[in-house]
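Student: I've got a model open and I'd like to learn how to read it. Can we take it one feature at a time?

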Amino acid sequence: MENSNISSMEKINFRTKVLSRHLNQETPIPNSIIQSFPCLSYNPPELSEPSSIFDIKEMRKLMDGHNLVERDWLYGLMLQSNLFNPIKRGGKVFVQPDYNHSKEQQREITMRRIWYLLEHGVFEKWLTGKGPEDELRKLALLDVVGIFDHSLAIKIGVHFFLWGGAIQFFGTKRHHDRWLKDTENYVVKGCFSMTELGHGSNVRGIETVTTYDSSTGEFVINTPCESAQKYWIGGAANHATHTIVFSQLIIDGKNQGVHAFIAQIRDENGNICPNVRIADCGHKIGLNGVDNGRIWFDNVRVPRENLLNSVADVSPDGKYLTAIKDPDQRFAAFLAPLTSGRVTIAVSATYTAKIGLATAIRYSLTRRAFSATPNGPEVLILDYPSHQRRLLPLLAKTYAMSFACNYLKKMYVKRTPEMNKTIHVVSSAFKATASWHNMRTLQECREACGGQGLKTENRVGQLKGEYDVQSTFEGDNNVLMQQVSKALFGEYVAAKRSKKPFKGLGLEHMNNSRPVVPSQLPSSTMRQAQFQNDIFCLRERDLLERFAAEVSLCQAQGKSKEYAFTLNYQLAEDLGRAFSDRAVLHTFLEAEASVTSASLENVLGLVRSMYTLVTLEEDAAFLRYGYLSTDNAAMVRKEVAKLCSELRPHALSLVSSFGLPDAFLSPIAFNWVEANAWSSEQN
């Protein structure tokens, strides 16, 4: 796999050429009115930047977390095929989707890429594998697919994680035997019909209705009104043959709540099945390689066995059977396995932020602008403190999110039923935090690349449109943060009522005495892990206590708990962010603790301090609720600027540690002069 490291001989050859050009320059005319300047030339940052003080390969292991060999294999596999649209710019080959293609062409090439990956064994054991190792391999390969193209990752994710995952987790042996192997081999192509025109995040409110006909042993699925049409269903518009339909189940006139059914929507020749209507969702601001569709069911009949029955079943004579009598608990058990979507979104958002930062930082290490002194040389734009302030805090946050996502993935693949609540809360918090961070990072990186950031081939600007959807699908981020706060409220009330210590969700710090923030914050204190942990725990603790008090006050006034949550949405959002930031910090500290190299540990300490202090600076809650004085807030701001200058020499090494092959970045990350030369245009 090609990488950005340049050999010693290449360095020597490059410097020889530079010296030769310098020695052979003509003597300038002394009294020339117009002074000529030499043309700009590209100087690889590997030649001009300090050598890394830490082992980049070891840092990459820490960042990627698992399955590095499989990741590199898939990178290489994609580079071998013209299906992945290789283009040559500036002496390098890059692969990326061709967004000049029409919506229809993008969809078709996405499907062809899936066939290529299938033929080369990429999807082996994605649904039939056993144990955490097979799941981690699957997640690693999906990471790599997403680095190439979000549409390809989503198309694959809907088929395997949503359709396939629903059969795995909602179904039982009869469904596993019938569907999993055929899904893994794309004999059937699945989609996932949950969202409706009238209901997205509120799954309980969906309006599709299913009844049971005991005379034929069939369920009858119906779309009773326009707002009940299934909407944004990935794969439905062109390719899917089957879908999981989420519907209200009515038995003997009683609504038993939301259940899931398997329904065929196309035959083996691609013809839409009787009593099914499908329409295209149309062109989108991104993800046009995914064929999102709308589906109406006109009394579609499916066999009784097509009910996914791990939580509840219906007998042949039409009796509703379930071991979970409480509808709320049944609904929670039913949706618990769907966390995989939030896990993969958080991870892909973080990898996309890495693409933006690797591109913008490499560009800023070779692009110059203005002079610091009269007639002096132009200055590298990353040597401007303002440019460092734009990019390096985002780099630190991306490192923090990488460790958080690795923690989340490993928790997910080792899940047990007892962990469902924890995984739901943590994945909700990390999905919101990572996707918000990604969008902010891509915008800043786009601006930091100037006009070059507008070019589609340079990826950063285009990725904004491709990934914007992550803020709302698999749960609107603001709604998810409120769900996090509701879960924390439940833990708080339960602990107080039982008079038992807090246990789980990382709330054990609530059992300790309340942290005290020093009145003075010298640099040495701000960089201590203990201080950083204390102030994050203080914020979470205080906001949880405030939120619980306000909700309890509303309830004492006769308001319902749900209405009390609604009234206190601002505290809920602040609390959700506080939980997420503290949980992310804890994963960073765990990653640091696993490191044995002093040089690696030292750099990670700087990165962690940057992550923590820029969070203190940016979140108004620290000032709003008095966790920081205005004087201390000013000291934090100064410390962030100092950390920028200290991280500046490590910028290239830190983005090189992302392990992204050159071909998956873009021309402006490398020789942007040659990439835009007339000779490149002719080729």
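**Reading a buried glutamine and the sheet beside it**

Tutor: Sure, and keep in mind that this is a predicted model. To read burial, look at relative accessible area: under 20% counts as buried. Gln 229 comes in at 3%, so it is buried.

Student: Where does Gln 229 sit along the chain?

Tutor: Gln 229 lies in the loop between β5 (218-222) and β6.

Student: And what does the side chain of Gln 229 reach?

Tutor: For polar contacts, look for N or O pairs within 3.5 Å. Here the Gln 229 side chain gets to the backbone oxygen of Glu 226, at 3.1 Å.

Student: Which residues further off in sequence does Gln 229 touch?

Tutor: Leaving out anything up to four places away, its contacts include Thr 195, Glu 196, Leu 197 and Thr 223, plus Arg 294, Ile 295 and Trp 296. Strand β10 covers residues 292-297.

Student: How do I read the sheet, then? What is the strand order?

Tutor: Follow which strand pairs with which. The order is β6-β10-β9, an open sheet of three strands with antiparallel pairing. Its edges are β6 (230-234) and β9 (276-280), each paired on one side only. From one strand to the next, the twist averages 35 degrees.

Student: How many bridges join β9 to β10?

Tutor: Five, with the two strands running antiparallel. For one pair to click on, Asp 280 has Gly 293 in β10 as its bridge partner.

Student: What does UniProt place at residues 536-665?

Tutor: The unreviewed entry gives "domain: Acyl-CoA oxidase C-terminal" there. In the model, that stretch is 78% helix and 0% strand, with its end C-alpha atoms 35 Å apart.

Note on methods: Residues are numbered from 1 along each chain as its sequence is written. This is a predicted model: local features need pLDDT of at least 70, side-chain atom pairs count only at pLDDT 80 or more; totals for chains, interfaces and linings use all residues. Side-chain values use heavy atoms; hydrogens and water are left out. Two strands pair if DSSP finds at least two bridges between them. Helices (H or I, at least four residues) and strands (E, at least two) are DSSP runs, numbered from the N terminus. Axes are lines fitted to C-alpha atoms, for helices over the stretch in contact, and angles run from 0 to 180 degrees between N-to-C directions. UniProt positions are given in the numbering used here, feature names are shortened, and annotations may be inferred rather than shown by experiment. Buried means under 20% relative accessible area, exposed over 50%, partly exposed in between (1.4 Å probe, protein chains only). A polar contact is a pair of N or O atoms within 3.5 Å; within protein, one must be able to donate a hydrogen and the other to accept it, and residues adjacent in sequence count only if both atoms are side-chain atoms. Contact means heavy atoms within 4.5 Å.
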